[in-house]
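Welcome! Take a moment to turn the model around on your screen, and then we can walk through it together.

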Amino acid sequence: MGYLDHSVGAAGGGQPYLFNTQTRLLQAALSLLANNGQTGGLSGLTERFQNAGLGNVMRSWISQGPNMPISGEEIEMVLGDGHLQQLAEETGLPQNQAAHQLSEMLPGLVDKLTPNGKAPHGGLGDLGFLLGEFMAGQT
C-alpha cells in the first residue's frame, strides 16, 4: 500500500472506494502534479506540455478563465508511453482509456490547485499536501 493509499484510507476509514478506478486515477493525477512526482511536479509537467506544443493548454488551466480541453491522444503525446503505462497499471485501465479519463480530470484539477491563476513559486507541494488540499475542497 502506497503513501497516498494510506492517506486516503485514513481519511475515509479504509472504505472499499480506495480501489475505485476514479480514486486510482485521481491518485495518479495528483502524483503527476506533486513536487516529488515522476514528472517533476507542475513545472515539469508544464515543460512537457510546452515541448509537445501544448503549453497554451496548460497555461489556460493555471490562469483564471476558461480551461482549454485536451484529448486523450494529446495526453498520450505529453506523457509518453512510460508514464502512461504506469498510470494504466495504477488504475487498472487500458492506456487509451486512462489517457481519455485523465484528459477529463486534469484540467479541473490543475485549475483547482492554482486558484489565484498562477503556479506557486515553490510548486504545488508533495503528494500528502495535494491530497489534503483536494480533500479539503470536497467537504
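Helices (H or I, at least four residues) and strands (E, at least two) are runs assigned by DSSP and numbered from the N terminus. With that in hand, the chain contains seven helices and zero strands, and its pattern along the sequence reads α-α-α-α-α-α-α. This is a predicted model, in which local features need pLDDT of at least 70 and side-chain atom pairs count only at pLDDT 80 or more, while totals for chains, interfaces and linings use all residues. Residues are numbered from 1 along each chain as its sequence is written, and side-chain values use heavy atoms, with hydrogens and water left out.

**The chain as a whole**

A residue is called buried under 20% relative accessible area, exposed over 50%, and partly exposed in between (1.4 Å probe, protein chains only). Of the 139 residues here, 44% count as buried. The chain exposes about 7,100 Å², and carbon and sulfur atoms supply 52% of that area (Shrake-Rupley method, 1.4 Å probe; for residues, only the protein chains shown count as cover). Contact means heavy atoms within 4.5 Å. Among contacts between residues at least 6 apart in sequence, 59% join residues at least 24 apart.

**Two helices that cross**

Now find helix H2 (residues 21-33) and helix H5 (residues 72-91), whose axes come within 9 Å and cross at roughly 145 degrees. Axes are lines fitted to C-alpha atoms, for helices over the stretch in contact, and angles run from 0 to 180 degrees between N-to-C directions. On the H2 side the contact is made by Thr-21, Arg-24, Leu-25, Ala-28 and Leu-32, and on the H5 side by Leu-79, Leu-87, Glu-90 and Thr-91. Notice the spacing along H2, and keep a general rule in mind: an α-helix has 3.6 residues a turn, so residues three or four places apart point the same way.

**An aromatic pair and helix H4**

How many aromatic pairs does a search of the whole structure find? There is one, and Phe-49 and Trp-61 form it edge-to-face, 5.3 Å centre to centre with 75 degrees between the planes. Rings of Phe, Tyr and Trp (its six-membered ring) pair if their centres lie within 6.5 Å; planes under 30 degrees apart count as stacked, over 60 as edge-to-face and the rest as tilted. Phe-49 sits in helix H3 (residues 41-51) and Trp-61 in helix H4 (residues 55-62), twelve residues apart. Both Phe-49 and Trp-61 are buried.

H4 itself is mostly covered, with six of its eight residues buried. Among them are Val-57, Met-58 and Ile-62, and the cover over the buried residues of H4 includes H3 and H6.

**Three residues to look up**

Here are three places to click on, with their surroundings.

| Residue | Location | Relative accessible area |
|---|---|---|
| Ala-99 | helix H6 (residues 95-113) | 0%, buried |
| His-83 | helix H5 | 18%, buried |
| Pro-120 | loop between H6 and helix H7 (127-137) | 34%, partly exposed |

Leaving aside neighbours within four places in sequence, Ala-99 is in contact with Gly-72, Ile-75, Glu-76 and Leu-84. The C-alpha atoms of Ala-99 and Leu-84 are separated by 7.2 Å, with their positions 15 residues apart along the chain counted as their spacing. With the same neighbours set aside, His-83 is in contact with Gln-38, Thr-39 and Arg-48. Finally, Pro-120 and Ile-62 are 58 residues apart in sequence and 10.0 Å apart in space, C-alpha to C-alpha.
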